[in-house]
Amino acid sequence: MGAGDAPTRVDGGAGELAVMWGGFPLVGAGIGWLFTVVAGPVAGLPWVPAQGWFELLAGLPQPWAPAGALALGALAGLVVAGIGTWERLRVEVDADRVRLRRDGRDREISRRTVRVVFVDRRDLVLLGDGEEELARERGDVSAGRLAAAFRGHGWPWADADPHRDAYRRWVDGLPGLPAGADALLRARQRAVDQGRRGDADDLRRELARLGVVVRDEEKRQYWRLTRRAAPG
């Protein structure tokens, strides 16, 4: 790699970190303080759920209760900020490869295997020669900065999914899918409905082995086949 091919890094930037590490603890502290303020009046309302917690807060000695609530709320905000930092997407691209870092894991994809790159809503997507997804990573990263980075290093960038019109909404039992895909989509739908992102991602990879590409809209699944999909 020559001097002119220095890698370009793209992530949420310092502003994203400032919001997480500065804003989340402040919001958490504010919520904690608010609970101590409303605990007394709310504790006497039988129709409000979680009465036990409000009664406990109302019975705590002053001024320690507000101070403790502020500290606990700020601590909760710091925990959320730590999780957000761990999960944030960081992209490093040069002329030969792209490195995707998220959840403490690195993935490296060679330029030779990639046919097109684009952003699908909040997802960075890389497609291979067989129209399969080599990567689909969610993150709050500017689409404009990603486009500039990939184009600047000669990657094939598209402004939209070139296969968007090929997707069909999944309905259990409809024909057209490879054998075994319906069962995986049923299991994945349950994972999506229950917010189990890790399981949904694992099942996406299992479907990819059958030649099925899945994208989500809200909690609905849409699918298309790659050129290497096995017949049903």
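Two strands are said to pair if DSSP finds at least two bridges between them, and helices (H or I, at least four residues) and strands (E, at least two) are DSSP runs, numbered from the N terminus. In this predicted model, local features need pLDDT of at least 70 and side-chain atom pairs count only at pLDDT 80 or more, while totals for chains, interfaces and linings use all residues. Residues are numbered from 1 along each chain as its sequence is written, and side-chain values use heavy atoms, with hydrogens and water left out.

**Strand pairing**
- Val93 stands opposite Val98 in S3, and S2 and S3 run antiparallel, joined by four bridges and by a hairpin of three residues.
- Strand S1 (residues 8-10) also runs antiparallel to S2, through three bridges, and here Arg9 stands opposite Glu92 in S2.

**Nonpolar cores**
- The largest nonpolar core (buried Ala, Val, Leu, Ile, Met, Phe, Trp, Tyr and Cys residues joined through side-chain atoms within 4.5 Å; buried means under 20% relative accessible area, with a 1.4 Å probe and protein chains only) has 20 residues, of which Val91, Val98, Leu124, Leu126, Leu146 and Phe150 touch the most other members.
- Strand S2 (90-93), strand S3 (97-102), S5, strand S6 (123-128) and helix H4 (143-152) each supply at least two residues of this core, and its largest share, four residues, comes from H4.
- Another core, of 10 residues, lies apart from it and includes Ala181, Leu184, Leu185 and Val214.

**Arg112**
- Arg112 lies in the loop between strand S4 (105-110) and strand S5 (114-120), and Arg112 is exposed (over 50%), with a relative accessible area of 74%.
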